[in-house]
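Let's take a friendly walk through a protein fold, one stop at a time. Keep the picture open as you read, and look for each part as we name it.

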Amino acid sequence: MISRKQFTRALAATAAIVALASCAPAGPSAQPPPATASAVTGNAPSWGPIKQIKAGVLDIGYAETGPANGKPVILLHGWPYDIHSYVDVAPALAAAGFRVFVPYLRGSGSTTFLSPATVRNGQQAAVATDIINFMDALGIQRATIAGFDWGARTATVLAALWPDRFAGLVSVSGYLITNLKANQQPLPPAAELGWWYQYYFATERGVQGYTRNRTEFNKLIWQGGSPKWQFDDATYQRTAQSFANPDHVAIVVHNYRWRLSLAPGEPQYEALEQKLAAAPMITIPAITIASDFDGAAANGAGYRDKFTGRYDHRVLPGIGHNVPQEAPREFTKAVIDVTG
């Protein structure tokens, strides 16, 4: 996940460091009505039983809803979240005629590795390749892709590397492709403070602490990322079950260590990472969404020039990091609009 509130306040000033250097203003946008964070109860999901499919190195758990002949949409969650971030978005898209797929990312929920010998790798190219394998296994040739947090990063990577496979992109917090070289540069102290959990995971103490306390740890992340979102315990516990995945800690720790160049990636993804290091343009239709979580970077100016196709940027005041669960109406509309 990207940094907490202090980091987003400093992001605009440090955009060049993180390879989001453009100062071009965002294009005109048809803004939705202001969204407001609200109390959320632990209602049961309406998408039916979780399915499983073998795809690449994984046995991927996923929810599916909507008509079989609908336009495919794939919704990607982040950390420390899971498919329940889309508990309201998925049925709304299904009702609009879309065929909706919501997979658990590696290390989450019922998604498991097929072999104990496979490296528990959280690097961005590996996670994106999982989704291509998922699409191939299901026979999905082309889909709209949408996500937030790790899901937004993965969705943006997919749009950059395989544009022919995607009809549109919705990305919360914009262009999140990781640049390892840029990540070696220090940020201002207030921004570094926002990355506390990343540095915690860089230590063995952090691994042990997260292993023992992941439920309490991740609830703290939820509260920090969405201070106005009044989620109840049932809502949180529904997602917290996915953290019991046997590979959860290994994937989370590797992701953040890899992003700091403290852990290597795998050779089979190196060619993809080299393409991503060049900060490729996003050529497919795209809508980016910003919220209070993005602080001074909410106007999207820092990444506007990375999107060369049909584009819109939307800002949701009063909403925190978990945009699809906090503002499902606005997120649903963005998916419909970008596909249309």
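**A helix with two sides**

In helix α10 (residues 270-277), the buried residues are Leu272, Glu273 and Leu276. Looking down the axis of α10, you would find these buried residues within an arc of 100°, so they line one face of the helix. Turn to the other side of α10 and you meet Ala271, Gln274 and Lys275, which are exposed. A general rule helps here: an α-helix has 3.6 residues a turn, so residues three or four places apart point the same way. Keep in mind as you explore that this is a predicted model.

Helix α10 also takes part in a pocket. Of the elements around the second largest pocket, α10 gives the most to the lining, with four residues. This pocket has a volume of about 150 Å³. Its lining is made of 13 residues, and Leu180, Trp258, Glu270, Glu273 and Gln274 are the ones nearest its centre. Sorted by class, the lining has three nonpolar, six polar and four charged residues.

Now step back along the chain to the loop between α9 and α10, where Ser261 is found. Ser261 has a phi near 60°, a positive value in a residue other than glycine. Ser261 counts as partly exposed, because its relative accessibility is 41%.

Asp149 also has a positive phi, of about 60°, although it is not a glycine. You can find Asp149 in the loop between β6 (143-147) and α4 (150-161). Is Asp149 buried or exposed? With a relative accessibility of 1%, Asp149 counts as buried.

Let's move on to the strands. Strand β4 (residues 98-103) is mostly covered, with five of its six residues buried. Which strands pair with β4? One is strand β2 (residues 58-65), which pairs with β4 in the antiparallel sense over four bridges. Here Tyr62 has Pro103 as its bridge partner in β4. Another is strand β3 (residues 71-76), which runs parallel to β4 and is joined to it by four bridges. In this pairing, Val73 stands opposite Val100 in β4. To get from β3 to β4, the chain passes through helix α2 (residues 89-95), and this β-α-β crossover is right-handed.

On the way from β3 to α2 there is a loop, and Pro80 is found in it. The peptide bond from Trp79 to Pro80 is cis, with omega near 0°. For background, most residues other than glycine have a negative phi, and most peptide bonds are trans.

Trp79 leads us to a cavity. The structure holds four cavities of 30 Å³ or more, and the largest contains about 90 Å³ of space. Which residues lie nearest the centre of this largest cavity? They are Trp79, Arg106, Ser108, Trp150 and His248, out of 14 residues in the lining. Helix α9 (residues 248-259) gives the most to this lining, with three residues. By class, the lining of the largest cavity has eight nonpolar, five polar and one charged residues.

Our last stop is strand β1 (residues 51-55), where Ala55 is found. Ala55 counts as buried, because its relative accessibility is 3%. Follow the chain for 74 residues from Ala55 and you reach Thr129, yet the C-alpha atoms of Ala55 and Thr129 are separated by 9.9 Å.

Notes: Residues are numbered from 1 along each chain as its sequence is written. This is a predicted model: local features need pLDDT of at least 70, side-chain atom pairs count only at pLDDT 80 or more; totals for chains, interfaces and linings use all residues. Side-chain values use heavy atoms; hydrogens and water are left out. Buried means under 20% relative accessible area, exposed over 50%, partly exposed in between (1.4 Å probe, protein chains only). Helices (H or I, at least four residues) and strands (E, at least two) are DSSP runs, numbered from the N terminus. Two strands pair if DSSP finds at least two bridges between them. A crossover is right-handed if, with the strands pointing away from the viewer, the path from the first strand over the helix to the second runs clockwise. On a 1 Å grid over the protein atoms alone, a cavity is a set of points where a 1.4 Å probe fits but cannot get out, and a pocket is an open set with protein on both sides within 12 Å along at least five of seven lines; lining residues have an atom within 4 Å of a point. Grid points are joined across faces, edges and corners, and a volume is the space filled by probe spheres set on the points. Ala, Val, Leu, Ile, Met, Phe, Trp, Tyr, Cys and Pro count as nonpolar, Asp, Glu, Lys and Arg as charged, and the others, Gly among them, as polar. The arc is that of the directions from the helix axis to the C-beta atoms.
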